[in-house]
Amino acid sequence: MLAEHRIAKVDRRSSKLTRAGVLLCLCALLLSCRSVTPALGPAEKKWTADSQQKAFLLATEPTPCEITNDAVSGAVPSARRGELMFSSPFLLGGQAAKSGLSCASCHVNGRGNPDFVFAGISGAPGTADTTHGFFGPVRDDGLFNPVVIPDLTTSANRKLDRGNALDVANFLRTQIAEEFEGTPPSDSMLDDLAAFLNGLTEVACPANQRVQLRPADDLRDAVDAFRASTNTALPRTPDREGYALAARHALGRMHARYPGASHADLRNSLEMISRDIANNAPAEQIEPAISALRVALIADEPRSLYTQDMLSRWMSD
């Protein structure tokens, strides 16, 4: 949702969903957040257009970009940290975070999202009104003017000089603070995000290919984000806390895709690890606990909502 494009403006009163409708959707989301048990089922279902391909879309993603990282041995590289924050709703803050939306919700693995539909914010699938007051009043122009979500990997959609670190940092800071009312990221986190964005190129990102979502990938995200949160080279606030939240979000993605009654113990374990991260438990406790889940996650993957068949059954119930 980092689009800066503009199209002809249309009075929001003529849109199918009014601001009141958006507020009703928000109220429902806030009420669901109060539940003791986290919502089950992939959050992406809420903003994926209904179609015969919906289960396929929820079970797959565009092939991840092959981003080169200059890694220090044992450390999570800057571009990788930026990728983790790009996928974390807590980077945006405000109503976007409450709704579960991240930068990657609109720009899946850096691409666009032609199937994105968010009530009151989208027009046709693949569009979003980036000046809607739902996310914050700063950019609210009082008009309903959704624009096509751009693919960040193509040179035609680059609206800034990615080689200029200051330009990229200012752009990101402004987008997060103004469009979404999020807390402006630190310089260090902005550097990580810029490193990730700079790696999104047509060469590094295979076009028109999709791959199966896997719990092993979410598990890797959880581990890498947690390791970033324990990096003593980063300030504790906000960077390390931000990466801790990204780790908890990755755990939550797994939790949501194992909804069966037989998965109750697995979900409880994921919840316990998430609480331990929130309580700053030591790495010696967290990492073995995450690793111990790998066998169970992979063994039950065929019966989870990582598979298209199970997603189809779940949505039809």
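What share of the 317 residues in the protein chain is buried? In this predicted model, buried residues make up 47% of them. The secondary structure of the chain comes to 14 helices and 6 strands. Take the contacts between residues at least 6 apart in sequence: 70% of these join residues at least 24 apart. With that overview in hand, let us walk through a few places worth a closer look.

A good place to begin is helix α3, which runs over residues 78–86. This helix is mostly covered, since 7 of its 9 residues are buried. Two arginines are on the buried list, Arg-80 and Arg-81, along with Ala-79, Gly-82, Leu-84, Met-85 and Phe-86. What surrounds this helix? Two of its neighbours, α8 and α9, can be taken in turn.

Helix α8 covers residues 187–198. Before turning to its packing, look at its length: at 1.5 Å a residue, 12 residues should span 16 Å, and because the end C-alpha atoms of α8 are 16 Å apart, the model agrees with that expectation. Buried in α8 are Met-189, Leu-190, Asp-192, Leu-193, Ala-194, Phe-196 and Leu-197.

Now bring the two helices together. The axes of α3 and α8 come within 7 Å and cross at roughly 95 degrees. An angle from 65 to 115 degrees counts as roughly perpendicular, so α3 is roughly perpendicular to α8. On the α3 side, the contact is made by Ser-78, Ala-79, Arg-81, Gly-82, Glu-83, Met-85 and Phe-86. On the α8 side, the residues are Met-189, Asp-191, Asp-192, Leu-193, Ala-195, Phe-196 and Leu-197. By class, this contact of α3 with α8 divides into 8 nonpolar, 2 polar and 4 charged residues.

The other neighbour is helix α9, residues 215–229. Here α3 and α9 pack at an angle of about 115 degrees, with their axes 10 Å apart. That makes α3 roughly perpendicular to α9, and the crossing of the two is left-handed. From α3 come Arg-80, Arg-81 and Leu-84, which meet Arg-220, Asp-221, Asp-224, Ala-225 and Ala-228 in α9. This contact of α3 with α9 has 3 nonpolar, no polar and 5 charged residues. Arg-81 is worth finding on your screen: it takes part in the contact with α8 and also in the contact with α9.

Follow the chain on from α3 and you reach Ser-88, in the loop between α3 and α4 (89–92). Is Ser-88 buried or exposed? At 1% relative accessibility, Ser-88 counts as buried. Setting aside residues up to four places away in sequence, Ser-88 touches Ser-102, Ala-246 and His-249.

Those contacts lead to Ala-250, found in helix α10 (residues 236–256). Ala-250 and Ser-88 are 162 residues apart in sequence, yet 8.2 Å apart in space, C-alpha to C-alpha. Ala-250 has a relative accessible area of 0% and is therefore buried. Leaving out residues up to four places away in sequence, Ala-250 touches Asp-218, Asp-221 and Ala-222. Asp-221 brings us back to α9, where it is one of the residues that meet α3.

Another helix pair shows a contrasting arrangement. The axes of helix α11 (residues 264–278) and helix α12 (residues 283–292) come within 10 Å and cross at roughly 160 degrees. Angles over 145 degrees count as roughly antiparallel, so that is how α11 runs against α12. The crossing is left-handed. Ile-273, Asp-276 and Ile-277 of α11 make the contact with Gln-285, Ile-286, Ala-289 and Ile-290 of α12. The residues here divide into 5 nonpolar, 1 polar and 1 charged.

Finally, two backbone details. Most residues other than glycine have a negative phi. Asn-109 has a positive phi of about 50 degrees, although it is not a glycine. Asn-109 lies in the loop between α6 (103–106) and β3 (127–128), and its relative accessible area of 17% makes it buried. Glu-181 also has a positive phi, in this case about 60 degrees, and is not a glycine. Its place is the loop between α7 (165–179) and α8. At 42% relative accessibility, Glu-181 counts as partly exposed.

How values were computed. Residues numbered from 1 in each chain as written. Predicted model: local features only at pLDDT ≥ 70, side-chain atom pairs only at ≥ 80, totals over all residues. Heavy atoms only, no water. Helix = DSSP H or I, 4+ residues; strand = E, 2+ residues; numbered from the N terminus. Expected span 1.5 Å × (residues − 1). Buried < 20%, exposed > 50% of the residue type's maximum accessible area, 1.4 Å probe, protein only. Contact = heavy atoms within 4.5 Å. Axes fitted to C-alpha atoms, helices over the stretch in contact; angles between N-to-C directions. Parallel < 35°, antiparallel > 145°, perpendicular 65-115°, else oblique. Left-handed = near helix turned anticlockwise from the far one by under 90°. Nonpolar A, V, L, I, M, F, W, Y, C, P; charged D, E, K, R; others polar.
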